[in-house]
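Biologist: Thanks for joining me! Could we go through this model together, starting from a single residue pair and working outwards?

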Amino acid sequence: MRHVLAAALILTAAMPALAELKPGAAAPTFTAQGAVAGQAFNVDLKAALKKGPVVLYFFPAAFTPGCNAEAHAFAEAIDAFKAQGATVIGMTAGNTDQIAKFSSAYCAGKFPVAAATPAVAAGYDVALKRPDGSASGYTSRTSYVITPDDRIYFVYSDANAAEHVAKTLDAVKRYRATRR
């Protein structure tokens with residue numbers, strides 16, 4: 001409970017990222033340590049993009065109410081993403097020591113979740129800052145749809161977790177409709 005309260009206070013005090021990447025921008029490629037179903041997993045964006053579009057969603061911290069709900073919603077919708085040939089990857093800079101457990105508990109082992117390094121958070125412009133400008137150690141709630149040619153196709157940034165799944169799935173469907 002203390003971790004949840006501390007995260008809530010930090011997130012409340014943190015200022016949002018100044019601007020996320022825009023559609024058409026190059027998506028920074030990365031590899032990151034993560035987990036699927038509680039097992040260590042190396043997340044490689046370049047390899048995932050070879051299979052089709054990638055939904056890369058950043059969330060503030062594992063085991064916080066909104067992030068739990070968002071991960072569960074992505075897990076529930078994973079078959080719809082797969083039907084469109086899309087891969088879902090979750091990333092966070094908060095509570096990264098709990099990613100393996102989170103990948104089983106809320107992601108239901110259906111997609112990888114990884115630790116966003118400061119370089120990845122900066123590259124995607126999702127690092128939250130404290131009012132004094134220092135790094136908070138958390139990422140904004142921002143979802144990207146990235147095309148196989150390493151381009152940002154869609155971006156949605158909103159602290160409310162509820163719309164991220166529907167909006168990214170709609171974007172993947174629009175992208176796929178232009179490729180058939």
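Biologist: Which residue in S8 is the bridge partner of tyrosine 57?

Modeller: Happy to help, and keep in mind that this is a predicted model. Tyrosine 57 falls in strand S3, residues 54–58, which 5 bridges join to strand S8, residues 142–147. In S8, the residue bridged to tyrosine 57 is serine 143.

Biologist: How do S3 and S8 run, parallel or antiparallel?

Modeller: Strands of a sheet pair through backbone hydrogen bonds, and two directions are possible, parallel or antiparallel. For S3 and S8, with their 5 bridges, the direction is antiparallel.

Biologist: Which strands are the edge strands of the open sheet?

Modeller: Let's read along the sheet: its 7 strands follow the order S2-S1-S5-S4-S3-S8-S9, and the pairing is mixed. An edge strand here pairs on one side only, which picks out S2 (39–44) and S9 (151–157).

Biologist: By what angle are neighbouring strands of this sheet turned against each other on average?

Modeller: This average ignores strand direction. For neighbours in the sheet, the value is 30°.

Biologist: Which helix packs on the sheet touching S3, S4 and S8?

Modeller: Two helices are worth a look here. Helix H7 (residues 164–177) lies across S3, S8 and S9, at about 155° to S9. The helix touching S3, strand S4 (87–92) and S8 spans residues 65–76 and makes about 165° with the direction of S3; that is H3.

Biologist: Lastly, what share of the protein's residues is buried?

Modeller: Buried means under 20% relative accessible area. The protein has 7 helices and 9 strands. Of its 180 residues, the buried share is 47%.

Methods. Residues numbered from 1 in each chain as written. Predicted model: local features only at pLDDT ≥ 70, side-chain atom pairs only at ≥ 80, totals over all residues. Heavy atoms only, no water. Pairing = 2+ DSSP bridges. Helix = DSSP H or I, 4+ residues; strand = E, 2+ residues; numbered from the N terminus. Axes fitted to C-alpha atoms, helices over the stretch in contact; angles between N-to-C directions. Contact = heavy atoms within 4.5 Å. Buried < 20%, exposed > 50% of the residue type's maximum accessible area, 1.4 Å probe, protein only.
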